[in-house]
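I opened this notebook to keep track of what I looked up in the structure. The entries follow the order in which I went through it.

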Amino acid sequence: MSLNTMRESFKRTGPWVMGAVTLAMVITTFSGFGNNNRAISSDASNDDDVVATVNGLEVKQSEYDKQIDNLRQQQVMMGQPASIMQDGIMGVQSFEQLAQAKIEMQAAEKQGLTVSDDEVTKELEERATQLDVRTKLGLSKTATLSEIDAAFAKNGGPTFTQRMDKDAVRQSILLKKLQDKVKKQAPVTEQDVRNSYRQYHTRHILVDNKKRSDEQAQKQAQEILAKAKAPGADFGALAKQYTDDTASKSSGGDDGWIDQNKNYVEEFKKAAFSLQPGQVTPDLVKSPQFGYFIIKLDGVRDNVPKDFDKKKTELIAQYTQTQQDKAWQDYEKTLRDDPTVKYTFNDPALEGGHTLARLSSAKDQAGRDAMMKEAMADYKKALAKDPKGARASGINVLLGQIASQMKQNKDAIAYYTAALATSDDAQLHMALGQAYMEDKNNDKAVEQFQAASKQAWDDQQVHQMLMGSYLQMKRMDLVAQEQKWMTDYQKSHPQPAMNLGGPGAPGGTPITVQSPSGGPAGKIHVGGAPAAPAPKPAQ
């Protein structure tokens with residue numbers, strides 16, 4: 001495990017407070033013009049099934065389905081092709097987003113935050129302006145919300161207020177108030193901004209708790225730490241001998257100069273930046289994702305831009321925004337990780353997804369394996385209840401992904417094959433081909449890869465994946481075939497080819513399971529192959 005792959009494992013997908021709620025409202029409104037059935041069906045019925053509860057708050061089947069639909073529409077808006085490979089993950093994301101929103105709603109109410117009817121009306125009028133509703137309806141630019149609703153009613157459909165879902169708007173305002181309150185608690189001074197440019201020359205030793213149990217990793221790391229803290233210890237020599245970070249092993253654990261902007265895990269940066277030059281971390285630094293770190297600080301230097309005073313106002317504003325965003329993300333994580341939050345599930349598939357979303361909370365590989373087995377058992381229950389239902393293919397895909405991650409290749413093949421029975425999808429053929437490769441059955445793998453190639457007649461992404469897989473198999477004849485396709489395609493579609501990373505995708509391309517705010521949750525590798533190492537950042 002390289003420190004250079006310590007990108008914050010699960011990046012934020014954007015502030016969900018207004019992102020998931022407001023964007024969803026905008027999408028629904030656009031798609032609702034001239035489509036009354038869709039707008040009506042978005043409203044939850046009183047007898048709607050409750051699929052789960054979060055701290056006693058109900059999650060209804062209709063709001064869960066609507067959230068999935070919103071995610072699909074966002075995917076389309078971002079130009080991402082639909083694939084059965086994403087359906088199960090969307091289900092996981094949708095529930096986590098809904099659950100997080102409910103937890104945050106409770107937090108806002110506990111802090112005494114409220115939303116008035118006037119605030120809701122003002123927000124709806126602003127959205128009408130953003131969507132240019134008045135012009136579309138032939139109304140004046142100063143038309144009130146009541147006049148807009150009346151114009152909608154004349155057409156015999158739901159009003160603008162109904163289409164926008166007044167309760168959802170109220171919730172989005174309340175969550176925005178909570179976000180603003182938290183952000184205001186992160187004041188920034190000019191000296192803070194100057195300090196943010198400070199750089200630190202560090203070295204480290206990593207003891208990976210995935211190669212061994214957490215107990216063994218901790219014990220081994222403690223022994224190394226004692227040696228590193230001994231008078232006259234050669235930290236670089238110890239790193240060459242003991243570190244599990246292959247990228248920095250030969251250089252004696254040297255990270256070069258790093259600063260707050262480096263995408264190293266927060267635990268590492270917090271510990272490193274608190275040291276004095278020449279000092280070794282007094283205690284082990286644990287990262288749930290990677291194991292135990294021992295860090296030495298070689299030096300510190302200031303790197304304030306020469307034109308800082310000229311751009312001071314702009315730089316302070318940018319840094320303030322960054323710190324406020326971080327304060328909100330930390331607050332969300334605190335809510336998300338609160339052990340007192342109680343979940344109940346009436347749908348085993350949601351329970352399995354919730355377990356997957358918390359894979360990174362396991363302290364070692366044994367814990368992660370146990371959680372994947374637990375999720376697998378829940379998904380099997382869901383599949384047994386409705387083996388031919390609309391979501392059966394998505395569940396089979398998730399089971400295949402979990403089986404691949406656990407090196408249960410024959411089970412992965414069976415689940416992917418079952419999914420293909422009802423969904424002929426290029427990405428799914430790729431995953432099944434990768435599973436066959438892992439099972440040392442290259443002939444079957446080629447069959448699936450060629451099926452993917454036929455399906456992906458206009459998809460560069462799949463064809464680059466195919467080239468990588470064929471390279472792994474040393475089938476240069478098939479590599480040449482895909483190269484010809486790529487050359488012909490680029491001639492007829494002149495644009496830069498997509499860079500998809502190392503060979504072996506989709507097996508080497510992880511599907512990331514994210515929490516509502518995009519925070520740490522877990523990931524599953526399609527096909528089970530390890531992800532290619534991230535490139536080493538410039539030093």
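Entry 1. Before naming any element I noted how they are assigned: helices and strands are DSSP runs, a helix having at least four residues and a strand at least two, numbered from the N terminus. I also noted that this is a predicted model.

With that in hand I looked up Asn55, which I found in the loop between strand S1 (50-54) and strand S2 (57-60). Its phi is positive, about 50°, although Asn55 is not a glycine. I then asked whether Asn55 is buried, partly exposed or exposed. Its relative accessible area is 27%, and buried means under 20% while exposed means over 50%, so Asn55 is partly exposed.

Entry 2. I looked up Asp132 next, since its phi is also positive, near 55°, in a residue other than glycine. I found Asp132 in the loop between H5 and helix H6 (133-136). At 36% relative accessibility, Asp132 counts as partly exposed.

Entry 3. I took down the totals for the chain. The protein chain has 23 helices and nine strands. Of its 539 residues, 50% count as buried. I also looked at contacts between residues at least 6 apart in sequence, and 69% of these join residues at least 24 apart.

Entry 4. I turned to helix packing. Two packed helices are described by the angle between their axes and the distance between the axes. For helix H5 (residues 117-130) and helix H9 (residues 166-183) I noted an angle of about 100° and axes 10 Å apart. Angles of 65 to 115 degrees count as roughly perpendicular, and H5 and H9 are therefore roughly perpendicular to each other.

Which residues of H5 and H9 meet? From H5 I listed Asp117, Glu119, Val120, Glu123, Leu124 and Arg127, and from H9 I listed Lys166, Val169, Arg170, Ser172, Ile173 and Lys177. Sorted by class, the residues of this contact are four nonpolar, one polar and seven charged.

Entry 5. I looked up a second helix pair, helix H20 (residues 426-438) and helix H22 (residues 460-473). Their axes come within 11 Å and cross at roughly 10°. An angle under 35 degrees counts as roughly parallel, so H20 is roughly parallel to H22. On the H20 side the contact is made by Ala426, Gln427, Met430, Gln434 and Met437. On the H22 side I found Gln461, Val462, Met465, Leu466, Ser469, Gln472 and Met473. The contact of H20 with H22 has seven nonpolar and five polar residues, and no charged ones.

Entry 6. I stayed in this part of the sequence and looked up Met467, which is found in helix H22. Met467 counts as buried, at 16% relative accessibility. Leaving aside neighbours within four places in sequence, I found Met467 in contact with Val479, Glu482, Gln483 and Met486. Met467 and Met486 are 19 residues apart in sequence, and their C-alpha atoms are 9.8 Å apart.

I then looked up Gln490, which lies in helix H23 (residues 476-492). Gln490 counts as partly exposed, at 28% relative accessibility. The C-alpha atoms of Gln490 and Gln460 are separated by 9.0 Å, with their places 30 residues apart along the chain.

Entry 7. Ser423 is found in the loop between helix H19 (409-420) and H20. Its relative accessible area is 16%, and Ser423 is buried. Beyond neighbours within four places in sequence, Ser423 is in contact with Ile84, Ser393 and Leu428.

Entry 8. I ended with the rings. How many aromatic pairs does a search of the whole structure find? It finds 11. One of the pairs I looked up is Trp328 and Tyr331: the ring centres are 5.7 Å apart and the planes are at 25°, so the pair is stacked. Both residues lie in helix H15 (residues 312-336), three residues apart, about one turn of the helix. Trp328 counts as buried, at 2% relative accessibility.

Tyr343 and Phe345 form a stacked pair too, 6.2 Å centre to centre with 5° between the planes. Phe345 is buried, with a relative accessible area of 19%. I noted that ring pairs link Phe95, Tyr343 and Phe345 into a cluster.

Last, I looked up Arg301 and found its charged end over the ring of Trp257, 4.2 Å from the ring's centre.

Definitions and conventions: Residues numbered from 1 in each chain as written. Predicted model: local features only at pLDDT ≥ 70, side-chain atom pairs only at ≥ 80, totals over all residues. Heavy atoms only, no water. Axes fitted to C-alpha atoms, helices over the stretch in contact; angles between N-to-C directions. Parallel < 35°, antiparallel > 145°, perpendicular 65-115°, else oblique. Contact = heavy atoms within 4.5 Å. Nonpolar A, V, L, I, M, F, W, Y, C, P; charged D, E, K, R; others polar. Phe/Tyr/Trp six-rings, centres within 6.5 Å; stacked < 30°, edge-to-face > 60°. Buried < 20%, exposed > 50% of the residue type's maximum accessible area, 1.4 Å probe, protein only. Lys NZ or Arg CZ within 6 Å of the ring centre and 35° of its normal.
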